[in-house]
Amino acid sequence: MVFFEVPPWLEFSNGLFLVFYTLSLVETSLSVFESRRFFLSKAVIIASITFTIEYIGINTGFPFGEYYYYPTLGPLVLGVPFTIALAWVGVILNSLLLSNQRSKTIRALETGFWVILLDLILDPVAYVRNFWHWEAEGGFFGVPFVNFLSWGIIAACFSFLFPLQKIPESNRIWAIRIYQLMILLFGLLAWKEELPIIAALALFIILLCEGRHQLDYRQEKQTL
């Protein structure tokens with residue numbers, strides 16, 4: 001996707017990065033939460049509800065704005081790529097693992113924050129590359145501002161499904177690297193699609209994520 005154009009006979013693979021992204025987050029989360037059955041049930045709830053929200057969204061314009069999907073990310077089910085529900089699970093888990101675990105409210109706000117930052121890079125690139133199409137003009141590089149707000153609110157609400165949990169350092173680092181790599185992928189695609197502001201923003205978010213990790217690490221060492 002970054003260095004070449006995907007040939008027609010490989011177009012089915014466009015959405016595979018979303019599948020692998022989510023599976024990597026599910027794998028690392030399974031070793032964080034004590035009950036695997038509990039965790040997997042919550043992941044299924046997230047996938048089911050977000051698919052329903054997406055279905056409502058493409059038919060009513062609420063809560064993201066008026067849009068529709070192209071089959072670029074995989075076969076459409078009721079107008080929604082099946083990979084999108086999986087992507088929501090990955091995005092929420094990734095941001096949840098990055099967030100403060102001392103308070104559910106603070107964690108919810110941080111989860112929404114990291115999701116919005118990711119979407120600021122993902123959505124403009126997805127729009128240009130025909131993953132989906134926005135009907136209205138304006139907003140942030142063609143993406144309605146209400147879309148980003150809705151992403152943050154939805155992610156924050158879903159974070160309350162999970163108990164406060166101490167994240168082992170190895171799992172946290174893995175989650176950080178996955179998040180940064182996802183940002184890097186879309187940052188490179190932004191550069192390829194001549195969106196230098198989005199590419200620069202991607203670099204800033206990668207550094208911000210790293211800075212946050214280093215700050216947390218130093219605070220934990222001082223506490224010990």
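**Figure 1. Length of helix H6 in the predicted model.** Helix H6 comprises 24 residues, 169–192. At a rise of 1.5 Å a residue, a helix of this length should span 34 Å, and the C-alpha atoms at the ends of H6 do lie 34 Å apart, so the expected and computed values agree. Just after H6, glutamate 194 adopts a positive phi of about 60 degrees.

**Figure 2. The largest pocket and its lining.** This pocket has a volume of about 400 Å³. Its lining consists of 16 residues, of which Gln101, Arg102, Lys166, Arg172 and Glu220 are the closest to the pocket centre. Two elements, H6 and helix H7 (196–223), each give two or more residues to the lining. The greatest contribution to the lining of the largest pocket comes from H7, which supplies 5 residues. By class, the lining of the largest pocket contains 8 charged, 6 polar and 2 nonpolar residues.

**Figure 3. The second largest pocket.** The space in the second largest pocket amounts to about 220 Å³. Its lining is formed by Glu5, Val6, Glu11, Phe12, Asn14, Pro71, Thr72, Arg129, Phe131 and Glu193. These lining residues divide into 4 nonpolar, 4 charged and 2 polar.

**Figure 4. Crossing of helices H1 and H3.** Two packed helices are described by the angle between their axes and the distance between the axes. For helix H1 (residues 16–30) and helix H3 (residues 82–98), the axes come within 8 Å and cross at roughly 45 degrees. Angles under 35 degrees count as roughly parallel and those of 65 to 115 as roughly perpendicular; H1 and H3 are therefore oblique to each other. The crossing of H1 and H3 is left-handed.

**Figure 5. The cis peptide bond preceding proline 63.** The bond from phenylalanine 62 to proline 63 is cis, and its omega is near 10 degrees. Proline 63 belongs to the loop between helix H2 (36–60) and strand E1 (67–69).

**Figure 6. Backbone conformation at asparagine 130.** Asparagine 130 is a residue other than glycine with a positive phi, near 65 degrees. The loop that holds asparagine 130 lies between helix H4 (104–128) and strand E4 (132–134).

How values were computed. Residues numbered from 1 in each chain as written. Predicted model: local features only at pLDDT ≥ 70, side-chain atom pairs only at ≥ 80, totals over all residues. Heavy atoms only, no water. Helix = DSSP H or I, 4+ residues; strand = E, 2+ residues; numbered from the N terminus. Expected span 1.5 Å × (residues − 1). 1 Å grid on protein atoms, 1.4 Å probe; cavity = no way out; pocket = protein on both sides within 12 Å on 5 of 7 lines; lining within 4 Å. Points joined across faces, edges and corners; volume = space filled by probe spheres on them. Nonpolar A, V, L, I, M, F, W, Y, C, P; charged D, E, K, R; others polar. Axes fitted to C-alpha atoms, helices over the stretch in contact; angles between N-to-C directions. Parallel < 35°, antiparallel > 145°, perpendicular 65-115°, else oblique. Left-handed = near helix turned anticlockwise from the far one by under 90°.
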